[in-house]
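Please open the model in your viewer and keep the selection panel handy. We will walk through some empty spaces and some helix contacts, one selection at a time.

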Amino acid sequence: MSGMGAVDDDHRERMRIEEFWHDRATDPRRRILVGATVAFAQRGYHGASTRQIAVASGMSPAAVYIHFESKEDLFFQISRAGHLAALDVLRTASEVSTDPAERLRHAVAAFAAIHAEFHVVIRTVQYELRVLSGERFQEIAAIRHDIVQAVREILQAGVKSGQFAVTDIEGTTLLVLSFCIDIARWYSESSRRTPSSIGLQYSDLALKLVDAGRPGGRAHE
């Protein structure tokens, strides 16, 4: 039974990966990106060979090189898409209100949820970033900087309005991002908790962390 459960999880993870790439690439690139994401998730960057990526894609190794110049290029494309997806949901959610507490609530809920929903993709790109070199690394680093800045700006607005009791904005920004990103490490398709429920729980934690509901604060006015 445990073996069947593992097979079911693998199937659901594959479906999640296919869902992620559905509107982000077209065949045959999409098939290769799906296969590469699966291979990197299962074996790590260094453990996944081009042949294994090709097998997971249902294509030949030669076909992979027609569309991507190298294994690093494939990893870069996955990393770029994963980071941009996270940045997009964070920015979009933070624009639903001008109130800092509501902005933080929605931003953290969305950011946490996507790290559960597409945990395989995001786990793949979060923990092996250093395999990228040169301009590829710099491009991903710039996106990560934008993610940090998006949360930092919300916290700064909350401190300025008097709603947040935060003395270390940089440290709190990293803490909020870190506990959301870590979801991708432990979440599994067999979890009874949905991505949205995790998002809501983490948004409540973030508000408690900044003491948004403290006496005299304006978060609930």
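Which helix gives the most to the lining of the largest pocket? Helix 2 does, with 5 residues. Before you click, note that this is a predicted model, where local features need pLDDT of at least 70, side-chain atom pairs count only at pLDDT 80 or more, and totals for chains, interfaces and linings use all residues. Residues are numbered from 1 along each chain as its sequence is written, and side-chain values use heavy atoms, with hydrogens and water left out.

**Stop 1: the largest pocket**

Select Arg14, Val38, Ala39, Gln42 and Ala56, which lie nearest the centre of the largest pocket among its 13 lining residues. The volume here is about 190 Å³. A pocket is an open set of points on a 1 Å grid over the protein atoms alone, with protein on both sides within 12 Å along at least five of seven lines; a cavity is a set where a 1.4 Å probe fits but cannot get out, and lining residues have an atom within 4 Å of a point. Volume means the space filled by probe spheres set on the points, which are joined across faces, edges and corners.

Now colour helix 1 (2–22), helix 2 (29–43) and helix 3 (50–57): each supplies at least two lining residues of the largest pocket. Helices are DSSP runs (H or I, at least four residues), numbered from the N terminus. By class, the lining has 7 nonpolar, 2 polar and 4 charged residues; Ala, Val, Leu, Ile, Met, Phe, Trp, Tyr, Cys and Pro count as nonpolar, Asp, Glu, Lys and Arg as charged, and the others, Gly among them, as polar.

**Stop 2: helix 2 against helix 5**

Keep helix 2 and add helix 5 (residues 71–94): they pack at about 95°, with their axes 10 Å apart. That makes the two helices roughly perpendicular, a label for angles of 65 to 115 degrees. Axes are lines fitted to C-alpha atoms over the stretch in contact, and angles run from 0 to 180 degrees between N-to-C directions. Show Arg29, Ile32, Leu33, Ala36, Thr37 and Phe40 of helix 2, which meet Lys71, Leu74, Phe75, Gln77 and Ile78 of helix 5. Contact means heavy atoms within 4.5 Å. This one comprises 7 nonpolar, 2 polar and 2 charged residues.

**Stop 3: a cavity**

Stay with helix 5 and add helix 7 (119–126); each supplies at least two residues to the lining of the largest cavity. Select Gly82, His83, Ala86, His115, Ile122, Val125, Gln126 and Ile147 to see that lining. The enclosed space is about 40 Å³, and a search of the whole structure finds 1 cavity of 30 Å³ or more. How does the lining divide by class? There are 4 nonpolar, 4 polar and no charged residues.

**Stop 4: the second largest pocket**

Next, pick His83, Phe111, Gln126, Arg144, Ile147, Val148, Leu174, Leu177, Ser178 and Ile181, which line the second largest pocket. Its volume is about 150 Å³. Helix 9 (169–181) and helix 8 (134–161) each supply at least two of these residues, with helix 9 giving the largest share, 4 residues.

**Stop 5: helix 6 against helix 11**

Finally, show helix 6 (residues 100–117) and helix 11 (residues 195–209), whose axes come within 7 Å and cross at roughly 140°. Helix 6 and helix 11 are therefore oblique to each other.

Terms used: Angles under 35 degrees count as roughly parallel, over 145 as roughly antiparallel, 65 to 115 as roughly perpendicular and the rest as oblique.
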